[in-house]
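User: I would like to go through the terms used for this model and see how each value supports its label. Could you take them one at a time?

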Amino acid sequence: MTQQTSETSSGVGVLDRAFALLDAFSPEDDRLTLTELSKRTGLYKSTVLRLLTALESGRFIRKCDDGQYAIGPAPMRLAAIYQRNFRIDSIIAPLLEELSAALGETASFYVRAGAKRLVLSRVEPSRAVRVSIRIGEEFDIHQGASGKVLLAFSDGGQDLDPVRNQLWAKSSGERDPESAAVSVPVFGALGELLGALTISGPVSRLGQPSATHHALLALMDATQRATAQFGGNPSRFAGPQKKLTDSVPAVA
């Protein structure tokens, strides 16, 4: 049987095992059998059955007519309370402040609004020459690094496969001939796209390969933290981040 590590253990065994059962359900699972739950958690069937009975009593688990188990209504009630007291900006705004201060460029967060990409939040540097955008401003979704990211993880075609694989996009002179940008996706608890975390600046600065590379590394770190705080899986960025870390910027 598998054992929980000290990093994932709360120190209260029965709670850890109950949490492990709930965590065994992935977004793709409507219901699971007792055998599958035992396999995924590494717990004996007898232990799983006792925990399921307790969780069913608390409405965290429900037993289906076919004998399988599904998530009950209690988590939905807690999720509604969480969402009511939660705003995207509470997580994104501090990261934008951090990115803008570290890179000296404009940091922004875009969401899709039909055929447009909308600036939901942004922080601009104090330097005189910078990319200036306004919160609530909309741009064509088919232009810019953030547009590529938003399209790639919604209804983008095969031409955006590289963005989906590497989890980042860049642009230069697409919306404004003097502006460049790099962007990464931020994901939610179900793996859904929440928006595009973006760094933009003058082509003369951000257009340089070393600056682009540096900005992407900073964005990768930030989006992993944002995705984790939104309940998503930050490990999906591990491969792309390693490739960026190991790569050497091309000479312009």
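**Terms and values**

Analyst: Helix α9 has 21 residues and spans 30 Å from its first C-alpha to its last, close to the 30 Å expected at 1.5 Å a residue, where the expected span is 1.5 Å times one less than the number of residues. This is a predicted model, in which local features need pLDDT of at least 70 and side-chain atom pairs count only at pLDDT 80 or more, while totals for chains, interfaces and linings use all residues. Residues are numbered from 1 along each chain as its sequence is written, and side-chain values use heavy atoms, with hydrogens and water left out.

User: What makes α9 a helix by name, and which residue with positive phi follows α9?

Analyst: Helices (H or I, at least four residues) and strands (E, at least two) are DSSP runs numbered from the N terminus. Glycine 231 follows α9, and its phi is positive, near 90 degrees.

User: Why is α5 called roughly antiparallel to α9?

Analyst: The axes of α5 (residues 88-103) and α9 (residues 209-229) cross at roughly 165 degrees and come within 11 Å; axes are lines fitted to C-alpha atoms, for helices over the stretch in contact, and angles run from 0 to 180 degrees between N-to-C directions. Angles under 35 degrees count as roughly parallel, over 145 as roughly antiparallel, 65 to 115 as roughly perpendicular and the rest as oblique, and therefore α5 is roughly antiparallel to α9.

User: Which residues make the contact between α5 and α9?

Analyst: Contact means heavy atoms within 4.5 Å, and among the residues involved are Ile91, Leu95 and Leu99 of α5 and Ala215, Leu219 and Ala222 of α9. Of these three, Ala215, Leu219 and Ala222 are also among the buried residues of α9.

User: Why is leucine 167 called buried?

Analyst: Leucine 167 has 4% relative accessibility, and buried means under 20% relative accessible area, exposed over 50% and partly exposed in between (1.4 Å probe, protein chains only), so leucine 167 counts as buried. Leucine 167 lies in the loop between α7 (161-166) and β6 (169-172), and has a positive phi of about 65 degrees although it is not a glycine.

User: What makes arginine 59 exposed, and glycine 136 partly exposed?

Analyst: Arginine 59, in the loop between α3 (45-57) and β1 (61-63), has a relative accessible area of 52% and is therefore exposed. Glycine 136, in the loop between β4 (116-123) and β5 (138-140), has a relative accessible area of 42%, so glycine 136 is partly exposed.
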